[in-house]
Amino acid sequence: MMAWREAGEALAAGRAGLVSLWADGPRARLALLLDDTVQIVDHPAPDGTFPSIGRLHPPAIRLERALAESSPLVPLGLPDTRRWLDHGENPTVYPFLPVKGRHLHQIPVGPVHAGIIEPGHFRFTCDGETVVRLEERLGYVHRGVEALMAGKVPAEAARIAARISGDATVAYAFAFARAVESVLGVAVPPRAIWLRALMAELERLANHLGDVGAICNDAAFGLLLAHCSVLREEVLRACAFAFRHRLMMGCVVPGGVAVDLSREGEARLRALAARVGAAFPPLLSLYDRTASLQDRTVGTGILRPELAALWAAGGFVGRASGRDFDARRFTPPYEALSFSVPVLEAGDVDARLRIRAAEISESLGLITQILDRLPVGPLLARVPAGAGEGFSLVESFRGDVFFHLRITEGLIVRAHARDPSWFQWPLLEAAIEGNIVADFPLCNKSFNCSYAGHDL
Amino acid sequence: MIRATLIQALQMALVLLLAPGLVGLVRAVKARLMRRRGPPVIQPYRALRRLLAKEAVIADNASWLFRTAPYLILALTWAAASVVPTFSTDLAFARLGDLIVITALLGAARFLLALAGLDIGTSFGGIGASREVFFASFAEPAMLMIVVTLAILAGSTELTSIAAFMLSPAAGLRVSAALALVSLVIVALAENGRIPVDNPATHLELTMVHEAMVLEYSARHLAMIELAAALQLLLMISVIACIFFPFGLGSGVLLGLAAWLAKLGAAGVLLGIFEVSIAKMRVFRVPELIGGALMLGLLGTLLLYVSRGL
C-alpha cells in the first residue's frame, strides 16, 4: 500500500496519473493510475486535516477545492482556497486571479450563453484580440449528485448515475454498474457485457458525429454540421428502434442490461453501420479539401503533450496531444475485440477533430464485430445485498469516467463520480493562451467538456 | 422633371421594400444547400413586424446617441441606396449618385454604429466596434482605389455616367475593369459582414463583428439596424450591377425593373452558394483579404496609367 505522501510525490514526478481525489467520512482518498492500473490510497484524517496533493500536483487543486467545501476535511497547504462548485451565500462575489499588464481588458462571458449549451462563466483577459489569460468559473449545474445517491439501493442510484451527464448516459450507467458489480461480486451474463459495449460504441458514434459537425460550424462552415447532424440523427433513431430510447438512458443497469436487442434491431444497427461507414468518409474528405476551414483548425488551440501527460487528460483531448490511454483496453468485452486507439501529437483543434474522425471508423468496426459475435443468453444477473467497496474506470466518448462506491447492507454509503472533464477544463485554459479571442469557441468545441458531469 | 421625381420616389420605396426579401432569399438558398427546409423568403419582413411591435429594452447607461443612432444609420443607408441607378438612370437625384458620396454616406453610418457599440460600454460592443473599424480602415481605401480606376475609365465618378460608359461600345473588355470588379466584390463582402469576414448567422459573441456592436439593441431600434443592414446589401449588389452589368438600365422602366430584379436574384443565389462553400477567416487574416482588394484596385489604376488601352 502506497503512503499518501509517496503518492503525491509519484504524481508530481509524473510516475503516476491522477484519477480522482475525494473525501469519504473522516478520510481523504486518492485514486491514481500506476502502470495502467488504478490504485486507491487513503489518508485517515482524525484531526480533520490532510496534506494537500494540489500543493505538489496542480491537477488536484480543483478536486481539493470541491472536497473542502463539501466535507469537513481541510487540505493543508492547498494553494487555492476559493470556493469551486458550491458558490456559497454570495455567488456574485468571486475573486478572479489578478492579471497585471498594460492595455489589458476583460471580457466576461456567461454563465448564460447565446447557444443552447450548459452554463459556465469564462473570464478572458485580453491584450487587443490576444487572450492573455482565461479563467473558468464552474459549478452552476451543481445538483449534489453524490449526496443524492447516498442511502439508496444500487438499482435506484443507477437512475441518478445515468443522469450525471446526459450525453454520456451509457458510459455513466456502465461505470456505475461495473462499480456495483465489483463491490458485490456480481457475474454479469455475457450477452449483457457485449450489449453494453454495443451501446457505448453507439453513444460514442453519435457524439463524435455531432462534435465534428459542431466544430466546423464554429468556423462558420455550416455544411458539415448539416450533414453530420443528419448522420447523428440516424444513429439516434436506430438506437431508439433497437433499444427503445434515443440516448439509451436507463438501458444499462447493475447486473446487466434492461433491454434486449431483437433480430430487427440487429438488422437496423447493421444497416446503420453500413450507412454511416459509407457517408462519413466523403464528409471527412470535404473537410480535407476545404482550405479555408483547415486554416482555422490547424495550429489553433495547441495543447502541449507535457500538459496533457501531467493532467492525465483522457479522451480525444489527451490522445490528440500524444497521451496513449483508453480505458476500453481494460474493460470487457473489448479485450476480445480488435480496435486501435488513434493518437496524434499536434494537439490542435485539427488533431482533436481527426482523433474523433478516426474513432468514428473504429466504433463502426466495433459495432459490426459485436453484432457478429453477440452471445445468446440471459440479460440480467441478480444483484445481492452486500457490503464492501469497489471502483470502475469506463471510457466515455469524452474520456475515462471513474466511479467509486462504498456499500453497506445493500445501501450505498458513499458514491463518487469523476468526469473526464475535471482534467480537460483546466487544459482548455492553457490551450487558449496566446490565441485570439475569436478562436475560443472553436477551441472550446474541440474540447467539448461536460459542465454537468464536472459540477455534479 | 415630374417623371424623374416619380421614378425617384418609386426607387426609394422599392429599395426599402425589397431589401428584407433579398436577405430572406440568401438565407433560403443557404438553408436549401444545407439540406434544411429553412424559413420562407418573407421571414425577414415578419421579423421586422415583430420587432416593431415589441417594447424596447435599453441599457441603463445608454446615452441619447444609442437611441438616435439606429434612425440615423437607416437614414444614411437609405439615402445612399436611393441614389444608385437600379432600374433607371432617370432619377431626380441622379447627380448625387456619385461613388464618393455613397462611400461617404456608408462610412458615416458605420461611424455611428461603432459609436453606438461603444456607447453602452459592454465588452462585446467594444470588440465589435474595434474589429469593424479595423476592417474598414482597409476596406475604405480599397473602395477609393476602385473609384479612381472607374473614374479614369469612364471619366466620371457619377454612377449614371459610368453606367452609360459601360453600356457604350467604348467600354469593351478591360483588364482594369475586371480587377475593379473582383476588388469591389471583396469590399462588398467585407462591408456587409458576410462570410468569410463575418458570420451574420452566428450566436458566438466572441466571433462577431457587426452583430457584436448591435447585441444590446432590441425592438424598433434593432428593426432599424436590421433594415439598414439589408439595405446595405441591396445597395452594394445594385452598385456592382450598375457598374459592371448595366444591361437594361437605359431601356425603359419596365425592362429596367425586370433586369434589376433578375440581377438581385442572381446575386442572392450566388452569395448563398459562396457562403456555404467557405469557412470564416481568422480575424487577423481579414486585412490580408481586403488588402488584396486594395492592391487589385491599385493595380487597375496603374494599368490604366501605363496604357490607356487596357
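Two residues are in contact if their C-beta atoms, placed from the backbone, lie within 7 Å. Keep that cut-off in mind for the exercises below, and remember that you're looking at a predicted model.

**Exercise 1. The two chains**

Find out how many residues each chain brings to the contact between chain A and chain B, and sort the chain B side by character.

*Solution.* Start with the head count: chain A puts in 27 residues and chain B puts in 20 residues. Next, sort the side of chain B that touches chain A: 10 are nonpolar, five are polar and five are charged.

**Exercise 2. Two domains in chain A**

Work out where domain 1 and domain 2 of chain A lie in the sequence, and what domain 1 brings to their contact.

*Solution.* First, the bounds: domain 1 covers 4–76 and domain 2 covers 145–455 of chain A. Measuring over C-alpha atoms is the next step, and the two domain centres turn out to be 26 Å apart. Now the contact itself, which takes 15 residues from domain 1 and 16 residues from domain 2. Where do the domain 1 residues come from? β1, β2, β3 and α2 (61–70) of chain A each give at least two of them. The largest share is six residues, and β1(A) supplies it. Sorted by character, this side of domain 1 has nine nonpolar, three polar and three charged residues.

**Exercise 3. Following the strands**

Trace how β1(A), β2(A) and β3(A) are joined, and pick out the residue with a positive phi in each turn.

*Solution.* Begin with β1 (residues 17–24) and β2 (residues 27–34) of chain A: they pair antiparallel over seven bridges. Asp24(A) sits opposite Arg27(A) in β2(A). This pair is a hairpin with two residues between the strands, and Gly25(A) in the turn has a positive phi of about 60 degrees.

Carry on to β3 (residues 37–44) of chain A, which runs antiparallel to β2(A) and is joined to it by eight bridges. Here Leu34(A) has Thr37(A) as its bridge partner in β3(A). Again there's a hairpin with two residues between the strands, and this time Asp35(A) in the turn has the positive phi, about 50 degrees.

**Exercise 4. Backbone oddities**

Locate two residues with positive phi and two cis peptide bonds in the loops.

*Solution.* A reminder before you look: most residues other than glycine have a negative phi, and most peptide bonds are trans.

- Ala220(A) has phi near 65 degrees. Its place is the loop between α6 (190–218) and α7 (222–243) of chain A.
- Asn448(A) has phi near 40 degrees, and lies in the loop between α14 (440–447) and α15 (452–455) of chain A.
- Gly110(A) and Pro111(A) share a cis peptide bond, with omega about 10 degrees. Pro111(A) is in the loop between β6 (104–109) and β7 (121–127) of chain A.
- Ile195(B) to Pro196(B) is also a cis bond, with omega near 10 degrees. Look for Pro196(B) in the loop between α7 (175–191) and α8 (210–213) of chain B.

**Exercise 5. A proline in a loop**

Decide whether Pro85(B) is buried or exposed, then list its contacts.

*Solution.* Place the residue first: Pro85(B) belongs to the loop between α3 (64–82) and α4 (99–119) of chain B. The cut-off for buried is 20 or more other C-beta atoms within 10 Å. Pro85(B) has 28 C-beta neighbours inside 10 Å, so it counts as buried. Leaving aside neighbours within four places in sequence, its contacts include Leu91(B), Ala94(B), Leu159(B), Ala163(B) and Cys242(B).

How values were computed:
Residues numbered from 1 in each chain as written. Chains lettered and ligands numbered in written order. Predicted model: local features only at pLDDT ≥ 70, side-chain atom pairs only at ≥ 80, totals over all residues. Nonpolar A, V, L, I, M, F, W, Y, C, P; charged D, E, K, R; others polar. Helix = DSSP H or I, 4+ residues; strand = E, 2+ residues; numbered from the N terminus. Buried ≥ 20, exposed ≤ 12 C-beta atoms within 10 Å, placed from the backbone. Pairing = 2+ DSSP bridges. Domains from an automatic or database assignment.
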